Structure formats: C-alpha cells, structure tokens
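Biologist: Hello! Could you show me the structure, so that we can talk it through together?

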Amino acid sequence: MKKYLIMLAAALVMFTACNNKENEGTGTGEGPSVEVTCPESGLMGDDFTFSVNIEDKVALSTLKVELLFDETVVGEATIRTAANGVYDGGFPIPFYKNIPDGVATARFTAQNTSFAKTVKEIDVAVSRPDFEYLTLIGADGESHRMEKVSRNNYAFEGSLGASYDAQIETAPFGSDGRKIVFGYGSTGVEVGASGMIPFASASADYTVSFNTLTFEAAPFTTITVNGTVSVMSDKTHFAAVIDIQKGAAVKIEGIEDIASWTADPDFIETAADGSMRFLAADGKYKISISLQEKYFLVERMSSETDYARLDSEGSGAVWMIGGANCYGKPTMFKEGWKTQRGLCLAEVEPKVHQLTLIAGEQLSASSIDVKLFHQKDWGGEFGGTNPPVSSSNLITVGASDGNIHLASGVTLDAGGIYRFTLDLTGGVNSPKLAFEKVGQKEIGGLDIEFAGTKMTQMSSTSYQALVSLTKGQSISVSGISSLSGWTIDPDLFSVSGSAISFVPVTGKYLIELDTARQYISGSRRADDGSYPQTMEEGGLFLVGYGVGAVSLDSEIDWTATKGHPMAEVAPKVFQFTGKAGAQGSSVPGERIRYDYLSFKYLMKYDSWDLQNSKGLEFGGNAGDKLKQTGEGNIELASSLEEGAVYRLTVDFSKGGEKEVVTFDKL
C-alpha cells in the first residue's frame with residue numbers, strides 16, 4: 001500500500017494482507033511471553049481494542065501496539081508494563097478518504113528491561129461503515145436526512161436557497177453508537193473540520209450529495225474564466241489566473257446574472273450585449289470574483305502565485321496603497337496602509353499605467369492619502385528622490401514622500417469618475433502623473449439641510465456641511481423622514497426625544513451624515529474647513545489602537561494625519577464617548593474595544609511635537625481601568641464591560657503641570 005501522505009490523495013488501493021507471525025526473543029535474551037486477544041475485524045472511525053497478557057522472568061518495560069495500513073502506522077498506543085499481567089487498551093481506526101475495505105496489520109511489541117522483544121502481528125479486516133443515513137445540519141440549525149442512494153453515496157433533495165452552509169453527520173455506528181462529522185477545511189471536505197461546507201447552486205431547489213468514500217460533495221459553484229476553473233477561497237470569493245492578450249475576449253461562465261455585474265474598467269471593457277474585452281497589456285492576470293459584491297477585480301501576475309512588479313523599463317505592474325476609507329475597489333477599504341489592499345494599475349499602453357475610481361464609492365471625495373509602489377508590498381516606490389510630477393490642479397504630490405493628496409480646498413464631485421495616469425515613457429526615474437475627471441455616475445440622493453445649511457452629497461449615502469454652531473443651540477435636520485433609530489455622536493449632540501441640542505463650544509464644525517449607517521458625527525474646523533492646528537484653537541486628536549471614529553471597523557491608527565478630533569465641550573476640556581465593543585465591530589457608536597486599548601492624544605494637528613503628559617493619574621468611576629506606559633501610551637489596566645458606555649475626559653483648564661484625565665462608565 002502507498003504511504004500515508006500518498007494514501008490521502010491517491011487512487012483506490014487495497015490493504016495488503018499480512019500473515020500472522022510471531023517473532024520472539026529479539027534483542028538481548030528471550031522476550032516476554034505474549035498472548036493477544038483482539039477483534040479480527042473493525043470499522044473505520046471506530047476504536048481498535050485489545051487485551052494482552054504478558055509474562056516474563058525479567059522485569060517488563062513497555063507494550064507497544066500499532067495498526068498499519070501496509071507499512072504505514074495509522075494508530076498506536078504505548079503502555080508501561082510494570083508487572084506481569086493483562087493490559088487493555090485501544091485507539092481509533094482512522095477514517096480516511098479513498099481507502100476501500102481491506103486487511104490491516106495489528107502489531108504487538110512487548111519489551112523487557114533487557115531490551116528483549118516479542119513481536120506478534122495479527123491480520124485485522126477493516127471496512128468502511130455502511131451508514132443507514134447521513135444528516136445534513138445547516139448553519140441555521142435545521143437538519144435534513146440524507147438517504148442512502150448506493151454504497152457510500154447519500155443525497156437530500158429539497159429547497160435550501162442558492163447558498164447553504166452546512167456540516168454532515170453520520171448515523172450512529174460502531175460499538176458505542178458514535179458519529180462522524182464532516183466539515184470544510186483547507187483541502188475541502190474533511191473529517192472533523194469545523195468550517196461549514198459551502199453548498200451553492202444557481203437554483204434554490206437542488207440535491208445535496210456526499211460520498212463517504214471519496215468525500216466528494218455537491219453542488220458547489222463552478223466558475224470558469226476563459227475556460228480556466230476558478231479556485232474558491234470561501235463561498236463568495238473565487239479567483240482564476242489566466243494568460244490573455246490585449247483585445248482578447250473575456251468569457252466568464254457559471255454566473256447566471258452576469259449582466260448585473262461590474263468588471264474592473266481599467267482592465268475589462270463591457271459592451272451593451274454583455275460581452276467583455278481585455279484592455280491591458282498582454283500577460284498573466286488574476287481575475288478575482290466576488291459573488292457578494294458582484295465585481296471582477298484584475299491584478300497582474302508574474303506566475304500563478306506571485307504578483308507582478310514594475311521592471312526597470314517602466315512596464316509590468318504599478319500598485320496603489322493608501323489610507324483607510326480613502327480608496328479601494330469595488331468600494332473603499334476600511335483598512336489603511338495594508339499591502340494586501342494594493343490596487344493594480346492597468347498598463348493600457350507601453351509604460352503607461354492607469355487607475356480609474358468613482359468619487360464617494362471608491363475614492364474619498366474629501367480626503368486622499370495614497371502612494372504608488374513598484375510592487376504589491378513595501379520596497380520600490382514613487383517617493384523620496386523620485387516623486388511623480390503632477391500636472392493636475394486637483395491633487396498635490398509630496399515633494400519628499402510622494403504621497404498623493406487632494407489640493408487645498410478641493411472636493412471631488414460625488415459620483416465623479418476620476419482617473420490616475422502614470423506615464424513612465426520617459427523612464428522610471430521621470431514619472432509623470434495626471435489626475436482628471438473622465439465621467440459622471442448618477443448616484444441619486446436626498447436634499448438634506450442641517451441647522452439651516454444645505455449638506456453636500458459626498459457619496460450615494462454620505463453628506464457633509466461646514467456649519468457655524470453655538471453651544472446649546474437647537475438643531476434641525478430636514479430631508480430625512482425620521483431620525484428614529486439613528487446613532488448621533490454623544491460628544492457633539494444631546495438628544496431628548498426628537499429634540500437635538502449642540503454640546504461643544506461655539507465654533508465652526510464639519511458635520512457628517514451617513515444615511516446607510518444612520519449616523520451623525522462631526523468635528524471642529526477652522527473657517528476654511530481645515531482642522532484646528534493646536535489645542536488652544538480647539539484641537540485634541542486621538543491616535544492609536546482600540547478606539548474607532550464611527551465604529552471599531554474604522555479603528556484609528558498611529559498615523560498623526562488620521563488623528564481623531566475629540567470634542568471640546570468646555571474651554572480646554574475635551575471628551576470622547578463610546579460603547580465598549582469587540583474588535584472590528586461595525587455597530588455605529590461602538591468606538592472603544594472592551595479588551596484592548598493603546599492610544600495617545602496629540603495637542604498639535606499632524607504632529608508628534610506635543611503629546612499627552614507622562615505619569616498621568618486617572619480619575620472617574622472607572623479610573624482603575626486605565627494605566628500609562630513609560631512611553632506615555634494609555635492602555636487598559638483591566639477589561640471593560642462589553643456593551644457599557646464609557647467617556648474619556650481630558651481637562652486642561654485647571655492649570656498645573658499636567659492635565660486632569662477621567663474615565664467614567666456612564
């Protein structure tokens with residue numbers, strides 16, 4: 001029989017029968033006397049049990065029992081044998097796929113303290129259980145009986161919906177009525193895997209089938225790209241790596257409603273009849289398929305597994321990496337400066353690379369912080385001594401770091417289609433960058449006014465307005481039928497029934513409203529809309545981990561430019577309030593992790609020059625929850641109560657060497 005690692009994936013082979021044999025007295029002197037009692041047959045997945053009577057004039061040492069499929073040990077037990085007598089034991093017979101019924105070998109090795117051994121081998125007929133039925137157990141908790149169609153084959157026919165996550169459980173079997181559970185693991189369906197098997201079909205009515213010999217299950221979604229079968233990473237994400245030439249047709253099969261999908265427009269052009277044509281340079285490309293987002297993302301590859309990079313002549317691949325909530329495909333990424341979130345520019349002409357994004361959906365209309373790299377990783381970049389030269393009055397490029405931002409006072413049109421074009425025809429060391437509006441997408445919207453000021457639409461769901469507000473002012477919001485169920489930033493607004501009043505000190509504020517997340521927030525601004533530059537001007541900015549801007553899936557990081565402004569509720573008194581939640585929570589208002597905090601506050605915008613004082617003492621009714629490290633980071637001393645609301649207050653108004661910090665559970 002083939003060795004164990006081959007058995008798992010190889011063609012069906014039979015156990016090789018082993019003749020019963022006994023080899024006594026190997027080693028130094030005569031081995032122990034051994035009498036074995038064990039079953040002559042067993043079931044895969046059940047226990048192999050044994051009873052061995054051992055006697056010897058020499059002190060005994062160990063009894064080792066092994067079960068072999070051919071020459072491969074697939075189960076074993078070792079027992080210390082302190083004295084003559086009977087020793088009982090057992091271990092599971094493995095339930096492997098693609099191994100038919102056959103004969104295994106049970107090997108018993110008894111050894112004494114003189115290292116003399118007695119070895120006995122006994123043939124054991126091992127067979128796969130013939131289950132009466134299987135049970136399909138959905139992630140929703142519902143169970144469906146899978147009837148036996150033929151030996152090892154089982155099926156359930158019914159209406160489960162186009163996508164159904166489930167595990168499969170056998171009927172009771174063996175000596176103790178045990179059951180085997182099949183789940184989804186790294187190699188597909190596996191015994192004991194915890195993942196749900198992602199059954200899927202184009203129709204809601206279908207037959208779920210499973211073979212207990214081959215572990216083959218159906219149905220799964222099968223999607224091909226130009227004839228290449230895509231690989232499923234999970235039930236909603238597939239990818240295929242193909243070789244394709246510029247101008248060639250792109251044919252994706254296995255998706256019924258493909259007409260409603262969107263293809264990455266830099267790489268694929270879609271005609272009115274639904275046909276698709278490839279636009280980029282000849283080469284190897286990865287087509288990623290998102291069933292949930294109905295989007296085809298394209299990336300250039302150098303091999304089946306390795307992403308392409310820019311070559312010394314200016315061809316290959318250029319990648320954009322940037323901050324959270326400012327760029328992404330098919331929508332803006334919530335994570336910032338993550339290399340896995342790099343977007344590939346399309347080489348549409350030799351050494352000319354482009355990336356097209358929709359403002360408000362794929363590119364922030366109000367704040368951009370991105371950079372171009374030679375690879376989907378850190379390393380070669382267009383920055384330092386080689387920043388791209390921009391010809392656009394819409395963006396600026398850092399002269400030293402190469403970071404791309406919107407120009408001062410520029411706001412992009414919501415739904416506007418904008419294109420970055422990097423021209424390397426003059427060489428990699430002479431990059432030229434263009435940025436222009438090339439189209440407009442109709443995104444619809446509402447006519448919303450906040451405190452009498454018309455809000456500007458920034459995306460299909462987000463709006464903002466720069467408003468002068470007075471402490472205690474009553475706030476009116478028009479254009480939304482009801483704010484019932486909305487989360488309204490408690491540091492900026494006090495809500496009583498339908499009445500809303502403004503909490504912080506008088507000044508200019510950029511108010512932000514999101515109709516999808518039903519959230520209203522805002523921050524102190526200067527007259528031109530920029531952030532206050534100092535604490536005296538009303539600015540105090542949180543940076544770090546464990547705190548979120550709107551929710552914990554928009555976690556603030558350690559980038560000074562992304563510091564979250566705290567609300568100045570009284571002169572030189574700032575606060576930040578949030579519900580304690582789990583990491584990555586998308587619930588609006590859950591802005592503080594209950595299990596981890598590590599942050600600082602900066603007294604100067606976009607600068608590490610002035611930070612919170614060291615050696616702070618924390619007051620309030622939850623003051624014992626915070627501590628400070630030697631570097632000045634503020635961290636949790638003990639976990640918070642999940643779901644409870646906490647408020648951090650920083651008070652500079654009392655004078656003295658250090659600010660007064662309280663942390664209260666409200």
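Biologist: How many cavities of 30 Å³ or more are there?

Modeller: First, a word of care: this is a predicted model, where local features need pLDDT of at least 70, side-chain atom pairs count only at pLDDT 80 or more, and totals for chains, interfaces and linings use all residues. Residues are numbered from 1 along each chain as its sequence is written, and side-chain values use heavy atoms, leaving out hydrogens and water. A cavity is a set of points, on a 1 Å grid over the protein atoms alone, where a 1.4 Å probe fits but cannot get out; points are joined across faces, edges and corners, and a volume is the space filled by probe spheres set on the points. With that rule, the number of cavities of 30 Å³ or more is three.

Biologist: Which element gives the most residues to the lining of the largest cavity?

Modeller: Lining residues have an atom within 4 Å of a cavity point, and those of the largest cavity include Gly522, Ser523 and Arg524. Strands are DSSP runs of E with at least two residues, numbered from the N terminus. Two elements give two or more residues to this lining, β50 (519-525) and β53 (567-570). The one that gives the most, with three residues, is β50.

Biologist: How many residues of that lining are nonpolar?

Modeller: Here Ala, Val, Leu, Ile, Met, Phe, Trp, Tyr, Cys and Pro count as nonpolar, Asp, Glu, Lys and Arg as charged, and the others, Gly among them, as polar. The lining of the largest cavity has three polar and two charged residues. Its nonpolar residues number five.

Biologist: Why is there no disulfide between Cys326 and Cys344?

Modeller: A disulfide is a pair of cysteine sulfur atoms within 2.5 Å. Cys326 is buried at 1% relative accessibility, and Cys344 is buried too, at 3% (buried means under 20% relative accessible area, exposed over 50%, partly exposed in between, with a 1.4 Å probe and protein chains only). The closest cysteine sulfur to that of Cys326 is in Cys344, and they are too far apart for a bond because the distance is 18 Å.

Biologist: Which strands stand at the edges of the five-stranded open sheet?

Modeller: Strands of a sheet pair through backbone hydrogen bonds, either parallel or antiparallel. Two strands pair here if DSSP finds at least two bridges between them. The order in this sheet is β21-β22-β28-β29-β25, with mixed pairing. Two strands have a single partner each, so one side of each is left without a neighbour in the sheet: β21 (231-234) and β25 (262-263).

Biologist: Which residue in the turn between β5 and β6 has a positive phi?

Modeller: Strand β5 (residues 60-69) runs antiparallel to β6 (residues 72-80), joined by eight bridges. Within this pair, Leu67 stands opposite Gly75. The two strands form a hairpin with two residues between them, and the turn residue with a positive phi of about 60° is Asp70.

Biologist: Is Lys572 buried, partly exposed or exposed?

Modeller: Lys572 sits in the loop between β53 and β54 (573-581). Its phi is positive, about 65°, although it is not a glycine. With a relative accessible area of 37%, Lys572 is partly exposed.

Biologist: Which residue comes before Pro330 in a cis peptide bond?

Modeller: Pro330 is in the loop between β30 (319-322) and β31 (343-344). The cis bond leading to Pro330 has omega near -5°, and it starts from Lys329.

Terms used: Helices (H or I, at least four residues) and strands (E, at least two) are DSSP runs, numbered from the N terminus. On a 1 Å grid over the protein atoms alone, a cavity is a set of points where a 1.4 Å probe fits but cannot get out, and a pocket is an open set with protein on both sides within 12 Å along at least five of seven lines; lining residues have an atom within 4 Å of a point.
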